[in-house]
Amino acid sequence: MPAAPATTADTFRPALHYAARNTWLNDPNGLIFHGGVYHLYYQNNPLDNVWGNMSWGHATSTDLLTWTEHPVAIACDEEEDIFSGSIVFDRNNTSGFGTDSAPPLVAIYTSSFKPGTKLEGIQAQSLAYSRDGGYTWTKHSDNPVLNRNSAEFRDPKVIRYDGDAGSYWVMVAVEAKDFQVVLYKSDDLRNWELLSTFGPANATGGPWECPDLFPLPVNGDPENLKWVLTVNLNPGGPNKGSAGQYFVGDFDGAIFTSETTVTEGVDHQGRLSEYQWLDWGRDYYAAVSFSDAPENRRLMIGWMNNWDYANQIPTSPWRSPMTLARELSLHANGGDLRLVQKPVGDWAAAADPTKSFSLNETVISGLQVLDGAAGAVQRIHVTFTPGSAEEFGLVVRGDGMQGTRIGIRPADGSLIVDRRSSGLTDFHECFPSLDTAPIRATEGSYHLTIYLDRCSVEVFAEGGKVTMTELIFPAAASTDLAVYTVGGTATINSLQVDQHV
Ligand code: FRU
């Protein structure tokens, strides 16, 4: 295990996000609500805090903000690494791994076969099952169950399809280097039949990974369902490195038809800003949704890191947090179909009411530190109306020397996160960045909700249609919150800060 640099200690460990106690993690896997708790499994190196020895770690939560770590759920062995995948509750024991009265949980994961094994170099889909509600797992004796003899076939997300075409399991996975999502069906989770493929389409700047497929009501109308296909890619995101795009359309039980494809085929890197992104920031990857979330909610968690520098971020002994869980809904405005994301979890319950801060109707100009608003774990609601300034916004985790700028450039129609002076940035040349996302005013003003949690900022703009998630590594003492403008004035209509205890 690499030694912890003394200066960083554990000041970056998030309060309200999951990070493993003292090991590496990447993609969330097998998200499922079962037995009254949210289960978060994840790509984990149980032996170190860099990528390797891929196994599934495990944590649970009842509030989606605080997590309990459990022993490794599915471990790698001499044959295989356990890559990403999903878990279903096999209610009717279609797989036969449980009994009718005690149906099993079934994990569908990618076996990445190790050098020197019979299937060396192959990625194929395998099963494991749990009969104790997800705490201990047994690998199926006849793995893999789906092998295309491909070195790039991975990340199965299995859902239950119940529709006009019947009732069966559907797997979405990727042929990563073909930029294709492949869809399969099964009655028993053991035997799989190819349904169709989707792609290449829209962003293809790097291999496709970790897909998901789910229905959502349009504008809350249960009679009008559309299907969302999410596809992560690395690299090829709108601000470089890894990112997740999505398509909205229809799924008839066999074929996904996109209504939001801008470009077919590969190589359209000049058009990244025209595609739909789950998040425009640098650190939101491999997001997938929970199976069986209460009240049919569609809840998603992403890995808060970027493969460009993932193994180098200056945290120790752990490395990489997950993002907040977000609830997804689908909004249509004419032909414009967009996901709306809202963090879930009762942030207010975690806040200290004696430390809240607010401000109303204030014209700002230049940089102004807000006395009494400092903090490292905060939720900030702010609404700005532009004035003469070309840029305005907030500086978070500041100290006069360093800080992270979260701003609006109204003439460009852009939201920016500038972390070039955010604290530790020189651990990797790709880390210091000024990132942008397209943003529109709502009735002339801009509302942002920002979550800060020691090493992260998650920005929700345009009512949740635009999000930007970024890691930062500020000095522990850099906790100032400031407002700023560049080249003129702007008005803060309201600002409310809720501080974590
Ligand atoms: C995405 C990914 C997946 C793979 C896993 C391996 O971050 O590359 O495609 O299953 O990580 O850890």
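This is a short tour of the model, from the ligand outwards to strands and cysteines.

Before you click, note that the model is predicted, that local features need pLDDT of at least 70 and side-chain atom pairs pLDDT 80 or more, while totals for chains, interfaces and linings use all residues. Residues are numbered from 1 along each chain as its sequence is written, and side-chain values use heavy atoms, with hydrogens and water left out.

**Stop 1: the ligand**

Select the ligand and bring up the residues near it (those with a heavy atom within 4 Å). You should get Asn-26, Asp-27, Gln-43, Trp-51, Met-54, Phe-83, Ser-84, Arg-154, Asp-155, Glu-209, Tyr-285 and Trp-307. Colour that shell by class and you'll see five nonpolar, three polar and four charged residues. The classes here put Ala, Val, Leu, Ile, Met, Phe, Trp, Tyr, Cys and Pro under nonpolar, Asp, Glu, Lys and Arg under charged, and the others, Gly among them, under polar.

Now look for polar contacts (N or O pairs within 3.5 Å; within protein, one atom must be able to donate a hydrogen and the other to accept it, and residues adjacent in sequence count only if both atoms are side-chain atoms). Start with Gln-43, where a polar side-chain atom sits 2.6 Å from a ligand oxygen. Then try Trp-51, with a side-chain N or O atom 2.9 Å from an oxygen of the ligand. Trp-307 also has a side-chain N or O atom 2.9 Å from a ligand oxygen.

How much of the ligand does the protein bury? Taken alone the ligand exposes 320 Å², and the protein buries 94% of that (Shrake-Rupley areas with a 1.4 Å probe; for residues, only the protein chains shown count as cover). Strands E1 (24-34), E5 (80-89) and E9 (153-163) each give two or more residues to the shell. Strands (E, at least two residues) and helices (H or I, at least four) are DSSP runs, numbered from the N terminus.

**Stop 2: E1 and its hairpin**

Select E1 next: ten of its eleven residues are buried. Buried means under 20% relative accessible area, exposed over 50%, and partly exposed in between (1.4 Å probe, protein chains only). Seven bridges join E1 to the antiparallel strand E2 (37-45); strands pair if DSSP finds at least two bridges between them. Click Phe-33 and you'll find its bridge partner, Tyr-38, in E2. E1 and E2 make a hairpin with two residues between them, and Gly-35 in the turn has a positive phi of about 65°.

**Stop 3: a four-stranded sheet**

Switch to the open sheet ordered E5-E6-E7-E8, with antiparallel pairing. The edge strands are E5 and E8 (138-139), each pairing on one side only. Two bridges join E7 (123-130) to E8, and Tyr-129 has Thr-138 in E8 as its bridge partner.

**Stop 4: Ser-186**

Go to Ser-186 in strand E11 (180-186), which counts as buried at 3% relative accessibility. Its side chain reaches the backbone nitrogen of Asp-188 at 3.1 Å and the backbone oxygen of Asn-191 at 2.8 Å.

**Stop 5: the cysteines**

How many disulfides turn up in a search of the whole structure? Zero, with a disulfide taken as two cysteine sulfurs within 2.5 Å. Cys-210 is too far for a bond, because the closest cysteine sulfur, in Cys-76, is 18 Å away; Cys-210 is buried at 4% relative accessibility. Finish at Cys-430, partly exposed at 26%, whose sulfur is 19 Å from the closest cysteine sulfur, in Cys-455, and so too far for a bond.
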